[in-house]
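Work through the exercises below with the sequence and the structure in view. Each task is followed by a solution in steps.

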Amino acid sequence: MTRSTVFTPFDIVEGDRKKGVVLLADHARRGLPEEYGSLGLPASEFDRHIAYDIGVETVTRELAVLLDVPAVLAGFSRLLIDPNRGEDDPTMIRQLYDGTVVPGNYPIAPEERERRLDRFYRPYHDAVGAMIASVAHASGKAPFIFSVHSFTPVMQGFVRPWHVGVLWDRDDRVARPLIDMLAEDKTLVVGDNEPYDGALRGDTMFRHAIVNGYAHALIEIRQDLIADRAGALAWADRLAPIVDAIDRRPDIHDVKMFGSRTGPV
């Protein structure tokens, strides 16, 4: 965990916006602003998946370099507030996460909830929206949005068998070829909407891709595979040609409204 008196809610990795691709990393970091201390938790909790998506920052930054495309990374721990949730989602500020009670989040006053939305959550989403709009303007086409996440190998006692999962709702323009190309490696167990369902109303993909008709997918990489730099770089190398190939598909940069399994868009 890192803390600083100067705390920024997001970080931008620059790239060629004319290419029409935006990378996102909602849970890239585990940092907290100085005034929040450690939310009452021991430092060891910030080494766990509950604080951030282990390995994702390195994968995303390297993938941005390999593809020469921009990325937006959230700069705060998901324990402070989770940007991959809708503003009305009760799990946006967790009081209990995978067996850990978060003292700094329990109880939480409505005023503090709004403060975290204004200082961290909304600035991140404003940056994502601005980047997507900038890429659309520079490229003259609908952006392709690719969100990078990671998942813990064991959750609540369940050993997850997948090496990687692809999350999606109804728009399969990215998800289907991504699953197929990953599955060409017979050593990989590839999850289709595993270990989570990609239909989550109000999440980052819903907010920035689904409602706009932009092609997108969220990838989940198992954390033990990218916990060290070598593993993270290897996964970026694996993903770069796949993302590039999908980017070249004829319908990827079209606006198409598929709707959502969560309800009307």
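**Exercise 1.** In this predicted model, decide whether arginine 222 is buried or exposed, and find its salt-bridge partner.

Solution. Step one: arginine 222 has a relative accessible area of 13%. Buried means under 20%, so arginine 222 is buried. Step two: its side chain meets that of aspartate 224 in a salt bridge, 2.7 Å from N to O. Step three: aspartate 224, at 43%, is partly exposed. Elsewhere, salt bridges that share partners link Glu35, Glu112, Arg115, Arg116 and Arg119 in one network.

**Exercise 2.** Classify the two partners of the salt bridge between aspartate 82 and arginine 85.

Solution. Step one: the N to O distance is 3.7 Å, and the cut-off for a salt bridge is 4 Å. Step two: aspartate 82 has a relative accessible area of 2%, so it is buried. Step three: arginine 85 is at 13% and also counts as buried. By this rule the model has 25 salt bridges.

**Exercise 3.** Check whether the span of helix H5 agrees with its number of residues.

Solution. Step one: H5 covers residues 229–247, which is 19 residues. Step two: at 1.5 Å a residue, the expected span is 27 Å. Step three: the end C-alpha atoms lie 26 Å apart, so the two values agree. Step four: look along the helix for a kink; one of about 25° lies at leucine 239, shortly before proline 241.

**Exercise 4.** Which elements do the buried residues of H5 pack against?

Solution. Step one: list the buried residues, among them Trp235, Leu239, Val243 and Ile246. Step two: find their neighbours, which include helix H1 (56–67), helix H3 (175–183) and strand S8 (144–151).

Conventions. Residues are numbered from 1 along each chain as its sequence is written. This is a predicted model: local features need pLDDT of at least 70, side-chain atom pairs count only at pLDDT 80 or more; totals for chains, interfaces and linings use all residues. Side-chain values use heavy atoms; hydrogens and water are left out. Helices (H or I, at least four residues) and strands (E, at least two) are DSSP runs, numbered from the N terminus. The expected span of a helix is 1.5 Å times one less than its number of residues. The bend at a residue is the angle between axes fitted to the seven residues ending there and the seven starting there. Buried means under 20% relative accessible area, exposed over 50%, partly exposed in between (1.4 Å probe, protein chains only). Contact means heavy atoms within 4.5 Å.
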